[in-house]
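Work through the exercises below with the sequence and the coordinates at hand. Each task is followed by a solution in steps.

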Amino acid sequence: MNVNWETEFVKLLKGSSHTVILTGAGMSTESGVPDFRSKAGWWKNIDPLTVATVEALEDNYELFHEFYSTRISGLSQLKPNKGHFIIADWQKEGLVQLVATQNVDNFHQTAGAEHVQTLHGSIKSYRCNDCRAEVSETAFLKKVPCPTCGGRTRPNVVLFGEMLPQESWQTTLANIEIADLVIVIGTSLEVYPVNQLPAMTNGKTVFINLDEVRGANAFDLTIKGKAGEVLERVDELLRK
Ligand code: OAD
């Protein structure tokens, strides 16, 4: 970590009148949720193309369903961590105007954040892949065909090859464009188009990540560490 990074971080946060926080899977690993590209990440053992694409849903529904059922049942026991709660507090206190996340676990909202854009959807709601009718978690887990059209059901997540929810994307982009500060947390910056967002601000940028990743040196302040621990240290200093 840089010398005096905490002081610099607090200065940026206090000096900004419009701050956006953008999170990835590393935000939730301290809750026990695996990320995708670290050593213990999902994509180290599974090729995403076989489970997280429309083709997988259409051609290999069994495997698609098994992958998402495993993730849903894994998440059911897990909770937001201190980092999610600190971000929610910062938002309530007016220090953060928008949280945008690639995570589908809803932990920012569970922790109390109100303005959250879910750029990759949510794994906590379900719909028919054909007619988009909403279905229950139980119906999805039991593979009950859509009661409206008989189609296959799925979580409301963005699969590889699908468009991001346009309203979320536009709202996030508009906030990033006017931001004085964009704080990016726990992402490998590998997935398009979200990885383009940090470069679209004229404001200052902070990057918090456990591992070094390509693109990290483009930020004004880069902090190597665990999201929850880093946010806790900043929060302590902020309150002194
Ligand atoms: P990745 O798994 O690609 O990257 C997570 C990053 O978080 C890694 O660089 C880790 O080093 C870092 N990390 C892990 N634990 C951390 C911690 N406690 N504190 C700070 N950093 C930590 O996840 P994403 O970049 O979010 O999309 O992945 C983007 C998208 O790829 C996901 O939304 C998902 C995936 O495929 C879809 O499925 C469409």
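**Exercise 1.** Determine which strands helix α9 lies across, and its angle to β8.

*Solution.* Helix α9, residues 227–238, lies across β7, β8 and β9, where contact means heavy atoms within 4.5 Å. Its direction is at about 130° to β8, with axes fitted to C-alpha atoms, for helices over the stretch in contact, and angles from 0 to 180 degrees between N-to-C directions. Helices (H or I, at least four residues) and strands (E, at least two) are DSSP runs, numbered from the N terminus. The model is predicted, so local features need pLDDT of at least 70 and side-chain atom pairs count only at pLDDT 80 or more, while totals for chains, interfaces and linings use all residues. Residues are numbered from 1 along each chain as its sequence is written, and side-chain values use heavy atoms, with hydrogens and water left out.

**Exercise 2.** Establish the strand order of the sheet and its edges.

*Solution.* The open sheet has 6 strands, ordered β3-β2-β1-β7-β8-β9 with parallel pairing, where two strands pair if DSSP finds at least two bridges between them. At the edges, β3 (116–118) and β9 (221–224) each pair on one side only. From one strand to the next, the twist averages 15°.

**Exercise 3.** Describe the pairing and burial of β7.

*Solution.* Strand β7 is joined in parallel to β1 over 5 bridges, V20 having V182 as its bridge partner. Another 5 bridges join β7 to β8, and here L181 is partnered by K204. In β7, 5 of 5 residues are buried, that is, under 20% relative accessible area with a 1.4 Å probe, protein chains only. L181, I183 and I185 point one way, V182 and V184 the other.

Note on methods: Buried < 20%, exposed > 50% of the residue type's maximum accessible area, 1.4 Å probe, protein only.
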